[in-house]
Amino acid sequence: MARHSGGRAWYGKVVGAALGVTVLAVGASVWTAQADPTGGATPETSVSARPDGGVEPVDMTIAHASDRGANGVNITIDDGPDPAWTPQVLDLLREFGAKATFCMTGTQAQAHPDLVKEVVAAGHRLCDHSVSHDTAMDRKSEAYQSKEILDAERMITEASGGVRPMYYRAPGGAFTPHSRKVAASRGMRPLGWNVDTKDFERPGADAIVATVERELHNGPTILFHDAGGDRAQTVEALRRILPWLRERGYSFGFPVR
Ligand SMILES: [Zn+2]
């Protein structure tokens, strides 16, 4: 199921207001380059609707930066929601005052609408992670890609009670120019990651924690999972990582849009 690789090859868009240019993001320099001089989180909690009822499109480049600027970290939680693990993750986020972005599959959202509503009620953001988590999506037809993205958007929005996903993360990072364009046209910013904790492979909580500590210089967006198997190691790792981040002065933010 997992094809969680390739995150580092992505390019990011520098949002430094004074620059306004797109550059290739390389290694540790990204961290500094992504700094948002304003540093503030946006109060926005859902995609803004135009007066005509349509949806404002967003940039189709893959986002990695945090809306909290240089000290921001984006906790991202994929593949749920799951009744065994999502409530435990929500408890920890609440305990440590952290906000996160939940990349949900349409199938899981539709199966557990109460959990989707809990995620939203706690102030977290939703991200479309396709209907069926097909990590080979980038080799399928454009019609198939569109359906996977747009059906999931609808399923998640229905499950949440009307709160739309603000991002799109391709399963396994299998983005295509077409899928990014479709998502962006629906107000869902393509979302990458900088730190792959590989929690999906169950390497042990120690290893998950060590990966975050070692790779956080890559950038602010950290990838975890709350479904797809036994996620006890993820829960244990978050219990240690969230206070570790806070003690070091990081601020929990959301990916830029
Ligand atoms: Zn996934």
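**Exercise 1. Take stock of the secondary structure and burial of the chain.**

*Solution.* Begin with the elements: this predicted model has 8 helices and 8 strands. Next, turn to burial: 49% of the 257 residues count as buried. Finally, look at how contacts are spread along the sequence. Taking contacts between residues at least 6 apart, 78% join residues at least 24 apart.

**Exercise 2. Work out which strands pair with strand 2, and whether strand 2 is enclosed or open.**

*Solution.* Start with strand 1 (residues 72-78). Strands 1 and 2 run parallel and are joined by 4 bridges, with Asp78 opposite Cys103 of strand 2. Now follow the chain between these two: it leaves strand 1, passes through helix 2 and enters strand 2, making a right-handed β-α-β crossover.

Move on to strand 3 (residues 125-128), which also pairs with strand 2 in the parallel sense, over 4 bridges. Here Leu126 in strand 3 is the bridge partner of Phe102.

Last, check the faces of strand 2. Ala100, Phe102 and Met104 lie on one side, Thr101 and Cys103 on the other, and all are buried. Since 5 of the 5 residues in strand 2 (residues 100-104) are buried, this strand is largely enclosed by the rest of the structure.

**Exercise 3. Do the same for strand 7: find its partners and describe its two faces.**

*Solution.* One partner is strand 1, which pairs with strand 7 in the parallel sense over 5 bridges; Ile77 stands opposite Phe224 there. Another is strand 6 (residues 195-196), again parallel, over 2 bridges. In that pairing, Asp196 has Leu223 of strand 7 as its bridge partner. The connection from strand 6 to strand 7 goes through helix 7 (residues 205-215), and the β-α-β crossover is right-handed.

For the faces, sort the side chains by direction: Thr221, Leu223 and His225 point one way, Ile222 and Phe224 the other, and all are buried. With 5 of the 5 residues of strand 7 (residues 221-225) buried, the strand is therefore largely enclosed by the rest of the structure.

**Exercise 4. Which residues touch the most other members of the largest nonpolar core, and what surrounds Ile156?**

*Solution.* It helps to recall that nonpolar side chains in soluble globular proteins tend to be buried together. The largest nonpolar core holds 53 residues, and those touching the most other members are Ile75, Phe102, Met104, Cys127, Ile156 and Ile222.

Now zoom in on Ile156. Setting aside neighbours within four places in sequence, Ile156 is in contact with Met104, Gly106, Ala109, Val116, Leu126, Asp128 and Pro165.

**Exercise 5. Describe how helix 4 and helix 5 pack.**

*Solution.* Two numbers do the job: helix 4 (residues 113-121) and helix 5 (residues 142-160) pack at an angle of about 75°, and their axes are 7 Å apart. Angles of 65 to 115 degrees count as roughly perpendicular, so these two helices are roughly perpendicular to each other. As for the contact surface, Pro113, Val116, Lys117 and Val120 of helix 4 meet Ile156, Ala159 and Ser160 of helix 5.

**Exercise 6. Decide whether Trp85 is buried or exposed, and find what it touches.**

*Solution.* First place the residue: Trp85 sits in the loop between strand 1 and helix 2 (86-95). Then count: Trp85 has 23 C-beta neighbours inside 10 Å, so it counts as buried. Beyond residues up to four places away in sequence, Trp85 touches Gly80, Asp226, Ala227, Arg231 and Val235. To finish, compare sequence and space: Trp85 and Ala232 are 147 residues apart along the chain, yet their C-alpha atoms are separated by 7.7 Å.

Terms used: Residues numbered from 1 in each chain as written. Predicted model: local features only at pLDDT ≥ 70, side-chain atom pairs only at ≥ 80, totals over all residues. Buried ≥ 20, exposed ≤ 12 C-beta atoms within 10 Å, placed from the backbone. Pairing = 2+ DSSP bridges. Right-handed = clockwise from strand over helix to strand, strands pointing away. Core = buried A, V, L, I, M, F, W, Y, C linked by C-beta atoms within 7 Å. Contact = placed C-beta atoms within 7 Å. Axes fitted to C-alpha atoms, helices over the stretch in contact; angles between N-to-C directions. Parallel < 35°, antiparallel > 145°, perpendicular 65-115°, else oblique.
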